[in-house]
Amino acid sequence: MKLTGLAASQYCAKPDTNRAGLLIFGADTMRVALKRQEAIAALIGPQGESEMRLTRIQAGDLRKSPSLLTDASREIGFFPGPRVAFLEDATDGLTASVAATLQDWRAGDAQIVVTAGNLTGKSTLKTLFEKHLNAVSIGLYDDPPTREEIEAELAKAGLKNFAPSAMADLTTLARALDPGDFRQTLEKIALYKYQDPTPLTPDEIHALAPATIEAEVDDLIAAAADQNASLIGPLLRRLEGQGILPVTICIGALRHFRSLHIAASDPGGIASGIMKARIFGPRRDAMQRQASTWGMIRLEDALGLLLETDLTLRSTSRAPAMAVMERALIRLAMMKR
């Protein structure tokens with residue numbers, strides 16, 4: 001049986017104990033690992049691993065001993081309770097061994113949990129679980145998490161009271177971070193809001209979101225976008241003293257102005273474009289204002305200037321790289337006049 005989306009998330013949170021096997025696969029190893037941990041914990045409980053009711057099998061070991069998974073599923077543990085035989089990093093080359101285990105599986109045997117990387121549509125391992133009458137296949141793709149999935153993560157972290165505008169920022173944050181970082185951020189927010197009855201606000205989310213090493217670079221780029229040419233020199237000197245490369249600043253500027261261009265050219269309006277560019281917190285309002293002030297035509301001119309600067313920085317030109325970058329930023333700041 002194949003499960004996707006919300007049904008897949010619900011199944012991992014509460015797997016059917018009568019099923020023989022569960023396959024979780026996807027290109028994002030962190031996302032696969034989190035769902036696998038959730039499913040196994042739901043099957044054997046928090047003490048299952050310490051009570052030796054979880055048997056881990058590496059793919060390489062199963063290749064050497066094809067009966068290893070079947071043996072693990074039939075073992076009788078010292079402690080009572082449900083058991084799981086977990087096969088990690090499986091590939092299509094192990095389909096025959098897994099199929100034999102599923103065929104011989106009987107009620108009372110350990111449940112089979114298998115994880116794999118990105119499997120193609122023709123994958124024999126994926127097909128085995130999808131067509132098996134007593135097994136489940138769950139594919140995890142790079143699609144942004146749905147509102148229901150985010151709300152489930154919020155409830156799991158103990159966050160139930162938040163302002164409507166905060167949900168929009170959490171959705172943007174979930175798309176910007178990988179699943180592991182997002183879950184850690186939610187746990188940090190939940191700890192911060194412990195016994196605090198007031199709703200979670202966008203300002204609190206921004207304050208608690210992971211800080212990036214590009215924060216000061218963003219300040220410099222924002223100065224150019226806000227036409228504050230006088231701030232560019234001092235900010236650039238500080239970044240230069242920290243060892244930040246001109247190419248890094250140029251890449252950040254290109255990303256910023258591309259986001260502004262996406263917002264300014266969006267058919268649904270600037271606010272819709274800013275959401276698509278995954279901007280949240282105080283920067284969202286600032287960039288929305290910048291996109292409106294610049295307009296699509298001038299933003300295209302700005303992108304042209306930055307692309308030319310990027311080519312110069314990466315070329316064999318003998319021009320001082322930081323001076324080239326500073327000149328470009330000042331030209332950006334003066335472009336609207």
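**View 1. Phe 78 sits in a loop and belongs to a nonpolar surface patch.** In this predicted model, look for Phe 78 in the loop that joins α4 (68-74) to β4 (84-90). Its relative accessibility is 73%, which is why Phe 78 counts as exposed. Together with Met 52 and Phe 79, Phe 78 makes up a nonpolar patch on the surface, and the three share about 380 Å² of accessible area.

**View 2. Helix α5 turns its buried residues to one side.** Start with the buried residues of α5 (residues 95-104): Thr 95, Ser 97, Val 98, Thr 101 and Leu 102. They lie on the same side of α5 because they cover an arc of only 165° around the axis. Now look at the other side of α5, where Ala 96 and Gln 103 are exposed. What covers the buried residues? Among the covering elements are β2 (21-26), α3 (59-64), α4, β4, β5 (111-116) and α6 (124-131).

**View 3. Helix α6 also has a buried face.** Here the buried residues are Leu 125, Lys 126, Leu 128 and Phe 129. Seen down the axis of α6, they fall within an arc of 155°, so they line one face of the helix. These buried residues pack against β2, β4, α5, β5 and β6 (135-140). Lys 126 has a second role to spot in this view: its side chain meets that of Glu 130 in a salt bridge, at 3.1 Å from N to O. The two residues are 4 apart in α6, about one turn of the helix. An α-helix has 3.6 residues a turn, so residues three or four places apart point the same way. Lys 126 counts as buried because its relative accessibility is 8%, while Glu 130, at 23%, counts as partly exposed.

**View 4. Two more salt bridges lie within helices.** In α2 (residues 29-44), Lys 35 and Glu 38 are 3 residues apart, and their closest N and O atoms are 3.7 Å apart. Both of these residues are buried. In α12, Arg 237 and Glu 240 are likewise 3 residues apart, and their side chains meet at 3.2 Å, N to O. Arg 237, at 39% relative accessibility, is partly exposed, and so is Glu 240, at 40%. The model has 12 salt bridges by the rule used here.

**View 5. Two residues have a positive phi without being glycine.** Most residues other than glycine have a negative phi. Asp 89 has a phi of about 60° and lies in strand β4. Gln 195 also has a phi of about 60°, but its place is the loop between α9 (179-192) and α10 (202-208). Which of the two is exposed, and which is partly exposed? Asp 89 is partly exposed at 48%, whereas Gln 195 is exposed at 68%.

**View 6. The largest nonpolar core has 34 residues.** Leu 220, Ile 249, Phe 257, Met 325, Leu 329 and Leu 332 touch the most other members. At least two core residues come from each of α11 (215-225), α12 (229-241), α13 (246-265), α15 (282-314) and α16 (321-334). The largest share, 9 residues, is supplied by α15. Zoom in on Met 325: beyond its neighbours within four places in sequence, Met 325 contacts Pro 246, Ile 249, Cys 250, Leu 306, Thr 309 and Leu 313. Another core, of 24 residues, lies apart from this one and includes Ala 85, Ala 90, Val 98 and Leu 125.

Terms used:
Residues are numbered from 1 along each chain as its sequence is written. This is a predicted model: local features need pLDDT of at least 70, side-chain atom pairs count only at pLDDT 80 or more; totals for chains, interfaces and linings use all residues. Side-chain values use heavy atoms; hydrogens and water are left out. A nonpolar core is a set of buried Ala, Val, Leu, Ile, Met, Phe, Trp, Tyr and Cys residues joined through side-chain atoms within 4.5 Å. Buried means under 20% relative accessible area, exposed over 50%, partly exposed in between (1.4 Å probe, protein chains only). Contact means heavy atoms within 4.5 Å. Patches are made of residues with over 30% relative accessible area and no salt bridge: like charges are joined within 9 Å, nonpolar side chains (Val, Leu, Ile, Met, Phe, Trp, Tyr) within 5 Å. Accessible areas come from the Shrake-Rupley method with a 1.4 Å probe; for residues, only the protein chains shown count as cover. A salt bridge is a side-chain nitrogen of Lys or Arg within 4 Å of a carboxyl oxygen of Asp or Glu. The arc is that of the directions from the helix axis to the C-beta atoms.
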